[in-house]
Amino acid sequence: MTEPLLEPVPTFVPLLGPEVHEAVSKALEVGYLGLGPTTAAFENALGDWLGLEDRFVAATNSCTNALHLAALLAGAGPGTEVICPSLTYVAAQQAMTMTGATVVFADIDPVSLSVDPARVAALVTERTVAVMTMHYAGCVGDVAGLYAVAAQHGLRVIEDAAHALGSLLPDGRLVGADGDLVCFSFGPVKTLTTLEGGAILTPSRDEDVLTRQHRMLGADLDLDARKANPRFWDYDVVRQGYRHHLGTVPAAVGLAQLSSLDAQIARRRTYCQDYDARLGDVAEIRPLGFDWDRIGPFLHAVRVDPDSRDELVLHLKAQGIGANVHWAMGVHTFSFYADSPRDDLSVTEEVCKELVTLPLWADMPERVRDRVVAGVRGFYGA
Ligand SMILES: *Cc1c(COP(=O)(O)O)cnc(C)c1O
């Protein structure tokens with residue numbers, strides 16, 4: 001008799017309950033699958049959930065493309081520079097260099113893992129137009145310090161909030177409810193998924209209009225005005241545009257998920273606290289030390305002894321547990337970015353050797369979490 005195979009434990013599992021299936025069937029029956037009222041409804045619901053006042057949300061087909069739209073608003077293009085973290089997903093840099101801009105890598109704070117405002121200030125040149133921060137594992141870091149540096153040098157701030165849906169700013173508002181250009185991801189593994197998708201939040205109606213033109217081929221498409229206009233086929237194209245909009249079916253998936261998002265985030269917080277409590281006494285492990293009650297946790301990582309980090313990941317993998325590393329190397333180490341200007345990145349390089357991501361889903365049975373904890377403790381003999 002062979003042992004039954006252990007049930008695999010993926011790193012991320014999307015929560016697609018019956019309400020999502022129902023929403024997809026309904027959306028497919030609408031007949032019109034493009035950019036329309038369902039996308040607008042998702043944008044409105046997301047704006048309400050985030051508590052937006054005088055800020056504007058446009059849904060996109062990815063966070064990468066939302067970041068591209070942010071780069072355009074910031075005036076990124078050939079001859080300009082955008083200061084970025086290196087501990088992030090390369091989508092962020094690709095979105096900037098898509099415009100022809102140069103990325104400049106800044107080092108991170110060793111505790112928050114966000115770009116260090118003082119290091120950013122030292123990298124500003126006359127070509128700098130924007131600084132990007134990424135809220136690693138949902139932690140916002142020193143946003144006040146970063147906005148102060150940006151204000152001092154007249155820079156736009158781009159927040160890559162792909163990990164931070166449901167995280168709180170220092171004043172208690174949700175990430176996105178305040179700030180400059182904030183981008184979310186609704187990709188396949190993210191806290192809220194539209195299968196693929198994202199959103200950009202902008203601080204003015206003019207920039208929202210511009211963003212909507214950019215996302216739909218430069219067309220001057222005021223949907224309300226077009227509905228009222230009997231000559232709806234009549235529209236102008238006013239600028240270079242892209243095809244970055246979110247369609248009807250993904251928007252319906254997002255809308256359905258919003259209804260359970262608070263409960264999902266609450267459970268994710270509990271799981272993160274539980275991991276930290278149950279692994280905190282293992283000598284080789286350092287929890288990130290984040291206050292999960294202020295975070296909408298997308299991923300849960302710990303910092304481990306770098307000498308055996310890779311073996312730990314392989315040990316867990318052998319037990320069917322999908323541990324992962326976000327990220328094993330900074331974006332500055334990729335050959336495409338070899339010529340990009342950079343700070344001394346020793347904090348980033350150290351941190352990249354220590355990080356391990358443990359499985360985190362919206363609805364994770366206790367026996368699955370027990371297996372992850374036992375697997376990690378077993379590796380260290382703890
Ligand atoms: C997922 C992710 C992105 C890209 O999001 P997409 O929606 O897949 O384009 C960007 N930045 C970070 C930090 C991410 O985790």
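Begin by selecting Phe12, Val13, Pro14, Leu15, Pro188, Val189, Lys190, Thr191, Gln257, Gln264, Arg268 and Ala362, which together line the largest cavity. Keep in mind throughout the tour that the model on the screen is a predicted one. The space enclosed by these residues has a volume of about 70 Å³, and the count of cavities of 30 Å³ or more comes to one. If you colour the lining of this largest cavity by residue class, you will find seven nonpolar, three polar and two charged residues.

Leave Lys190 selected, since this residue of the cavity lining also leads to the next stop, where it is among the residues closest to the ligand. Now show the ligand together with its surroundings: 13 residues surround it, and the closest of them are Cys63, Thr64, Asp160, Ser185 and Lys190. Sorted by class, the shell around the ligand consists of five nonpolar, six polar and two charged residues.

With the side chains of the shell displayed, pick out three polar distances in turn. At Ser185, a polar side-chain atom lies 2.8 Å from an oxygen atom of the ligand. At His163, an N or O atom of the side chain is 2.9 Å from an oxygen atom of the ligand, and at Lys190 the corresponding distance, again between a side-chain N or O atom and a ligand oxygen, is 3.0 Å. How much of the accessible area that the ligand has on its own does the protein cover? The ligand alone has 380 Å² of accessible area, and the protein covers 91% of this.

Next, hide the ligand and look at the space that it takes, which is the second largest pocket. About 380 Å³ of space lies in this pocket. Its lining is made up of 23 residues, and those to select for its centre are Tyr89, Ala91, Ala162, Ser185 and Lys190, the closest to that point. Two elements give two or more residues to the lining, namely helix H3 (63–73) and helix H4 (91–97), and of the elements H3 gives the most, with three residues. By class, the lining of the second largest pocket divides into twelve nonpolar, eight polar and three charged residues.

The last two stops concern the backbone. Select His326 and Trp327, which are joined by a cis peptide bond with an omega of about 5°; Trp327 has its place in the loop between helix H11 (309–318) and helix H12 (346–354). Then move to Leu113, which lies in the loop between strand E3 (102–106) and helix H5 (117–123). The backbone angle to inspect at Leu113 is phi, which is near 65°, a positive value in a residue other than glycine.

Definitions and conventions
Residues numbered from 1 in each chain as written. Predicted model: local features only at pLDDT ≥ 70, side-chain atom pairs only at ≥ 80, totals over all residues. Heavy atoms only, no water. Near = heavy atom within 4 Å. Polar contact = N/O pair within 3.5 Å; in protein donor to acceptor, adjacent residues only side chain to side chain. Areas by Shrake-Rupley, 256 points an atom, 1.4 Å probe, with all protein chains shown as cover. 1 Å grid on protein atoms, 1.4 Å probe; cavity = no way out; pocket = protein on both sides within 12 Å on 5 of 7 lines; lining within 4 Å. Sits in = over half its atoms within 2 Å of the grid points. Nonpolar A, V, L, I, M, F, W, Y, C, P; charged D, E, K, R; others polar. Points joined across faces, edges and corners; volume = space filled by probe spheres on them. Helix = DSSP H or I, 4+ residues; strand = E, 2+ residues; numbered from the N terminus.
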